Amino acid sequence: MTNIAFIPVRGGSKSIPLKNIKLLNGKPLVFWTAKAADEAACIDKVVIATDSVEIKNIVLDFKFNKLSVYDREADNAQDTSSTESVMLEYINKSNLPPEDYIFLIQATSPLLNFRHIDEMFAQMKSEQADSALSCVRCKRFFWSEDGKSLNYDYRSRPRRQDFSGMMMENGACYINSVGNIIKDKNRLSGKISVFEMPDYTATEIDEPDDWIILENLMRKYSRV
């Protein structure tokens, strides 16, 4: 069994041009998740899948021990391409055995660190789950558009400290076996383990304002 950290990064980005190699606290954005995966004890290989020669050259210059670059097909690097499509492309082209695990890690979650990855995998195995995803606990009150409270009784509003909240995907990491991904065409399958990460990891980089927020969070929580 091989554990593969798979980080898909495209050259194109409408909201933030070339955001995956834009400097965040002095390093290209993708550096942070690549570093986390490279340092995780449970990870055997780190694969960055990109369609960009520029990104490829920058990534290879990281000199991480476990890292390699996969040249993803242009058809699976479009605005409309799903992440699952490039995962399946890599799995099929690499002839991976079904017992291998793919750790889908998104470069837009640079606050992920190696401890999160190792603890998430250990929790998944201890729960005998088929797959796993990372989440943060969200203590917000949600409503439907037609005026229905979804996760609390507004007639008996709980105090925040007494409210368990809901688990929200933070987009940082997903784990599934190669066999399950091929069968279900999805990053998640079967019994799913929900790994709780700290509140500060909730922000993903999608828009320019997210960059400002994460630069400040990185100064507080990250290390080089």
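Here are a few notes on the sheet, the helices lying across it and some of the salt bridges in this predicted model.

1. Start with the sheet. It is open and mixed, with 7 strands in the order 5-4-1-6-8-7-9. Strand 5 (67-71) and strand 9 (192-196) sit at the edges with a single partner strand each, so one side of each has no neighbour in the sheet. On average, neighbouring strands are turned by 30° against each other, ignoring direction.

2. Now the strand 9 edge. Strand 7 (residues 131-138) pairs with strand 9 in the parallel sense, over 5 bridges. One to look up on screen: Ala 132 has Ser 193 in strand 9 as its bridge partner. Side chains link these strands too: Arg 137 and Glu 196 form a salt bridge, with the closest N and O atoms 3.0 Å apart. Arg 137 is in strand 7 and Glu 196 in strand 9, 59 residues apart. Arg 137 counts as partly exposed at 31% relative accessibility, and Glu 196 does at 38%.

3. Over at strand 5, Asp 71 makes a salt bridge with Lys 56, closest N and O atoms 3.3 Å apart. This one ties strand 5 to helix 2 (residues 53-60). Asp 71 is partly exposed at 45% relative accessibility; Lys 56 is partly exposed at 26%.

4. Two helices to check against the sheet. Helix 3 (residues 83-94) lies across strands 1, 4, 5 and 6, at about 130° to strand 1. Helix 4 (residues 114-126) lies across strands 1, 6, 7, 8 and 9, at about 145° to strand 9.

5. The whole structure has 9 salt bridges. Among them is Arg 155 with Asp 153, at 3.0 Å from N to O. Arg 155 is exposed, at 67%, while Asp 153 is partly exposed, at 34%.

How values were computed. Residues are numbered from 1 along each chain as its sequence is written. This is a predicted model: local features need pLDDT of at least 70, side-chain atom pairs count only at pLDDT 80 or more; totals for chains, interfaces and linings use all residues. Side-chain values use heavy atoms; hydrogens and water are left out. Two strands pair if DSSP finds at least two bridges between them. Helices (H or I, at least four residues) and strands (E, at least two) are DSSP runs, numbered from the N terminus. Axes are lines fitted to C-alpha atoms, for helices over the stretch in contact, and angles run from 0 to 180 degrees between N-to-C directions. Contact means heavy atoms within 4.5 Å. A salt bridge is a side-chain nitrogen of Lys or Arg within 4 Å of a carboxyl oxygen of Asp or Glu. Buried means under 20% relative accessible area, exposed over 50%, partly exposed in between (1.4 Å probe, protein chains only).
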